[in-house]
Amino acid sequence: MSDAIRIHVPIDAAALSVGAEAVAQAILREAQARGVAIELVRNGTRGMLWLEPLVEVETPDGRVGYGPAAAQDVASLFDAGFQAGGAHALRLGRVDELDWMKRQQRLTFARVGLTDPLSLADYRAHDGLRGLERALSLTGAAIVEEVTASGLRGRGGAGFPTGIKWRTVHDARAERKYIVCNADEGDSGTFADRMLMEGDPFLVIEGMAIAAIAVGATKGYIYLRSEYPHAHKTLQRAILRAHHAGMLGPSVLGSGRAFEIEVRLGAGAYICGEETSLLESLEGHRAVVRAKPPIPALAGLFGKPTIVNNVLSFAAVPWILAHGAEAYADYGMGRSRGTLPVQLGGNIRRGGLIELAFGIPLREIIEEMGGGTLSGRPIRAVQVGGPLGAYLTERQLDTPMDYEALAGIRAMLGHGGIVVFDDSVDMARQARFAFEFCARESCGKCTPCRIGATRGVELVDRIIAGVERPKNLAVLRDLNRLMTDASLCAMGGLTPMPVTSALDHFFEDFDRPSRPAPSPLAGEGWGEGSRDTAGLSALLTPTGNDSATPHPAATRPPSPARGEGEPVAERRT
Amino acid sequence: MAAYPAWDEDGARLIVASLSHLEGATLPILHALQDEFGYVDPQAVPLIAETLNLSLADVHGTISFYHDFRTTPPPPRLVKLCRAEACQAVGCETLVEELAREHGIVVDGPGSEGRGAVESVYCLGNCALGPSALVEGELLGRVDADRIAALCGEPR
Ligand SMILES: Cc1cc2nc3c(=O)[nH]c(=O)nc-3n(C[C@H](O)[C@H](O)[C@H](O)COP(=O)(O)O)c2cc1C
Ligand code: SF4
Ligand code: FES
């Protein structure tokens, strides 16, 4: 079958969500019926999600794309001779020549969409394992030095220098150390971790193995959110194959150094993305945030020195080792070195994943690459950095994607998610949601977050309803300050960020003629679903009394007050 | 649709025993029980506590902390609908209202006998193709109220 035509149909969950499986089956059926010899490869997605399902055919002139394809298009694709790159309404031309692909600098996502995610041979043929091989020829200290020199900062949100974290674990003395990959990817608007784990799982494994070799760890865990069943399957299969091939196991690539990886599933709690909460969860407990110090690098999983890094942080390391720290640091701006996988979603015409050196203005991404809103209406707000990130206005879109530049406008980069809203958005409602999400997902350890979030929902409800607006707005500002200053972790500490940005930039939405409160987000939260009753009873009090009964959610069992009320020392660490 | 066997103490005991050697075995055990029976029966609490040498309060506390774990049998089909920001931006809240108004399906509501139920989740990693839902392990993009209602089936 050496002359079989290679056809690619993604097996990425996003592609499957719009019918890629039916397209793949239709291609197999049609090829058989027509007696055309094909080899169907199931690749990751290129990240051009508006073109999914994107079918690619290998031709002598490179890979030619057709999309978005539906199962019922398949017969006409064969009629058009797409297997030889024939003309068709869905024909896009050479995929790597498309503007979206050409503009990017894909270091971490170089193989995603190109290769068969579960083929280690494919992985090797596309430069895989070179980083690990080089690492095995270096001392641990030299690996750490390389990572430090690259300027890599954690991609999970806090932007903490990865090399410094690794050095701490390297220098710690312990009979057992752990490598933990944070694959909780809880931020709404983000999917880069998922896309990478499904599209190039060996890269994550390689990055974790390099970390293990560097610091002398023998056991690794990938803590994966349960909302990602496809990624779960892919990781399990990849780990099994890596084991068979000697990339993991008692002697990593024949080095005599042991390293094993196990995948553990989360259980639908956003707070488990916070690293200490994640460690509590891995240990089998309620995922209540731990006060720091001690930092996980010194006393992490089961009290042992532990590297906790985001999926993308680990995945950046093999490239750094293979090409050298300097080559990586050549990308980027200021203190943000290397590339950032940006995820463009929400109300957007062309959404997907874009990997670029730091520093590109938001506008270029949203307007030029994204093509504006899906609805065709004007852009009104853009939330950057997940549910705890600020809402920006259209006028702020010239800000570059860079940790410091965004911090400079009281926003944050977080995990690189960009969510676009058109002019139908109600920003008071978005502010309310920010509090509601915090109330639902708070671990409950400290009062400003546990009770403050619920108070925030009530306050916004009163403001929307037009009850004593000036007074309630002042209280809301105070509450934001309190939560920012006195929450133990960034869940409570940053929830005010989307709220404050909505107030600052979209005040008119809080100042409209009174409306009925938006319907509550259903969801059990911590109370028994009667969240709105408290808000309503407060509304019904003639004075709009602020000392109204706290929401039942606020009365959840308190946890030990260790560290309660400490200032948020490091955001999202 | 997923059909789960009824809770059975011996089956549960086997599952707990087979995973008890893991470090931090509680969550893997809870997931395995829920995969098998569709929920974690309260009778599992003493079983897990005994095997892992934990207090009943510890095990119960863990189960109740996480949104995923159910302590009652699931509906015939569970649709997890994303209600987070990127899906809000493409109308998931309107979808929720339509489900209630036109199909009598209350998201996160008590559900009705024999019919699938819809539960809120926050981001499924499909934020460029929302509104998104997850049904029996399959991700769905660009969903609307009719499609979700069809997945739930007719009320009895
Ligand atoms: C509420 C909250 C949620 C978080 N969620 C995630 C997450 O989903 N994934 C992640 O990698 N980091 C998340 N973080 C950041 C982690 O605490 C931690 O900084 C990160 O895993 C460290 O890895 P990095 O240095 O590679 O970014 C979260 C932090 C907070 C406070
Ligand atoms: S701010 Fe406090 S209560 Fe909120 S999640 Fe963090 S530690 Fe838990
Ligand atoms: S916000 Fe709905 S899938 Fe991410």
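What follows is a chat between a student and a tutor about a predicted model with two chains and two ligands.

Student: Let's start with ligand 1. What makes the 2.7 Å pair with A:Gly156 a polar contact?

Tutor: The cut-off is 3.5 Å between N or O atoms. An oxygen atom of ligand 1 is 2.7 Å from a polar backbone atom of A:Gly156, so that pair is a polar contact.

Student: And how do you know that A:Arg155 and A:Gly186 make polar contacts with ligand 1?

Tutor: Apply the 3.5 Å limit again. For A:Arg155, a polar backbone atom is 3.4 Å from an oxygen atom of the ligand, and for A:Gly186 a backbone N or O atom is 3.1 Å from a ligand oxygen. Both values fall within 3.5 Å, so both pairs count.

Student: How much of ligand 1 does the protein cover?

Tutor: On its own, ligand 1 has 610 Å² of accessible area, and the protein covers 98% of that.

Student: Which elements give two or more residues to the shell around ligand 1?

Tutor: Strand E9 (306-310) and helix H20 (490-494), both of chain A. The largest share, 3 residues, comes from E9(A).

Student: What makes a residue count as part of that shell?

Tutor: A heavy atom within 4 Å of the ligand does it. There are 22 such residues around ligand 1, and A:Gly156, A:Asn182, A:Asn309, A:Asn310 and A:Ser313 come nearest. By class, the shell has 6 nonpolar, 9 polar and 7 charged residues.

Student: Now ligand 2. Why are A:Cys443, A:Cys446, A:Cys449 and A:Cys489 counted as nonpolar?

Tutor: Because Cys is on the nonpolar list used here. Those cysteines are among the closest residues to ligand 2, along with A:Lys445, in a shell of 13 residues. The whole shell has 8 nonpolar, 4 polar and 1 charged residues. Lys is classed as charged, so A:Lys445 is that 1 charged residue.

Student: How do you know that ligand 2 sits in the largest cavity?

Tutor: The test is that more than half of a molecule's atoms lie within 2 Å of the cavity's grid points. Ligand 2 is assigned to the largest cavity, so it passes that test.

Student: Over to the backbone. Why is the bond between A:Pro293 and A:Pro294 called cis?

Tutor: Look at omega, which is about 0° for this cis bond. A:Pro294 lies in the loop between helix H12 (275-282) and E9 of chain A. Chain B has a cis bond from B:Gly130 to B:Pro131, with omega near -5°, and B:Pro131 is in the loop between strand E2 (117-121) and strand E3 (133-135).

Student: What makes A:Leu129 worth a mention?

Tutor: Its phi is near 75°, a positive value in a residue other than glycine. Most residues other than glycine have a negative phi. A:Leu129 is in the loop between helix H5 (120-125) and helix H6 (130-136) of chain A.

Student: Where are the two domains of chain B, and how many helices and strands does chain B have?

Tutor: Domain 1 covers 9-65 and domain 2 covers 78-151, with 30 Å between their centres over C-alpha atoms. Chain B has 7 helices and 4 strands.

How values were computed:
Residues numbered from 1 in each chain as written. Predicted model: local features only at pLDDT ≥ 70, side-chain atom pairs only at ≥ 80, totals over all residues. Heavy atoms only, no water. 1 Å grid on protein atoms, 1.4 Å probe; cavity = no way out; pocket = protein on both sides within 12 Å on 5 of 7 lines; lining within 4 Å. Polar contact = N/O pair within 3.5 Å; in protein donor to acceptor, adjacent residues only side chain to side chain. Areas by Shrake-Rupley, 256 points an atom, 1.4 Å probe, with all protein chains shown as cover. Domains from an automatic or database assignment.
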